[in-house]
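Welcome! Take a moment with the sequence and the model below, and then we can walk through an enclosed space and a charged pair together.

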Amino acid sequence: MKKTKIFLSIAIVAVAFSACEKDSSNSDEDYMSEIVGTYSGEFINQSGLKSGIQGTADVMNVNNQLQIHCYGDIMDTTFIMDAFENGDSIMVCDTGEAFEHLYGHMGKGNHMMDRNDNESEWEHHMDEDHQDGDDHFGGFNRNMHSFEYMFRMTESDSIYYIMFNGVKN
């Protein structure tokens, strides 16, 4: 009888821990699954004028990172981004070598570790991984079910920007 009570106690504790573990990981999966899908929209030139050029962004969750395939008549590119909850927005940021190339330094990459309860994942990411002046180029609006991303383009040693604005289908 004593062995049965000990076994039952251990089983209850194990189930409680596994339930807590699943709950903490589900919040990431929830907002990731919320933004996965196809976004239809258009490209806008750097002056802010609508170009009338239609575009599409297919967003997939691949190993808890976003794979974004953005394409239309003026471009066809696929890139990987990290995603961070920030209230009614999901912010995106380069990862790995793309992060280092863009910012000139490596991020710590542990945005879930040692996070203050009062800050969002995005705020923690900014505090831990970024320096003043680091730029970001887009994200998702959860209320509008939209995605926008600014592409930094180079041509003949000059830099210009093209924005994609799309709404989830």
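How do the residues of the lining of the largest cavity divide into nonpolar, polar and charged? This is a predicted model, and in it the lining splits into three nonpolar, three polar and three charged residues.

Let us look at that space itself. The structure holds one cavity of 30 Å³ or more, and the volume of the largest cavity is about 50 Å³. Around the largest cavity you will find Glu 34, Ile 35, Tyr 39, Phe 140, Asn 141, Arg 142, His 145, Ser 146 and Lys 168. Helix H1 (2-35) and strand S6 (138-141) are the elements that give two or more residues to this lining.

Among the lining residues are Glu 34 and Arg 142, and these two also form a salt bridge with each other. The closest N and O atoms of the pair are 3.1 Å apart. By the rule applied here, the count for the structure comes to one salt bridge. Glu 34 sits in helix H1 and Arg 142 in the loop between S6 and strand S7 (146-155), so the salt bridge ties together parts that are 108 residues apart in sequence.

How open to the outside are the two partners? The table gives the values.

| Residue | Relative accessible area | Class |
|---|---|---|
| Glu 34 | 31% | partly exposed |
| Arg 142 | 21% | partly exposed |

For Arg 142, the cut-off helps: buried means under 20%, so Arg 142, at 21%, counts as partly exposed.

Note on methods
Residues are numbered from 1 along each chain as its sequence is written. This is a predicted model: local features need pLDDT of at least 70, side-chain atom pairs count only at pLDDT 80 or more; totals for chains, interfaces and linings use all residues. Side-chain values use heavy atoms; hydrogens and water are left out. On a 1 Å grid over the protein atoms alone, a cavity is a set of points where a 1.4 Å probe fits but cannot get out, and a pocket is an open set with protein on both sides within 12 Å along at least five of seven lines; lining residues have an atom within 4 Å of a point. Grid points are joined across faces, edges and corners, and a volume is the space filled by probe spheres set on the points. Helices (H or I, at least four residues) and strands (E, at least two) are DSSP runs, numbered from the N terminus. Ala, Val, Leu, Ile, Met, Phe, Trp, Tyr, Cys and Pro count as nonpolar, Asp, Glu, Lys and Arg as charged, and the others, Gly among them, as polar. A salt bridge is a side-chain nitrogen of Lys or Arg within 4 Å of a carboxyl oxygen of Asp or Glu. Buried means under 20% relative accessible area, exposed over 50%, partly exposed in between (1.4 Å probe, protein chains only).
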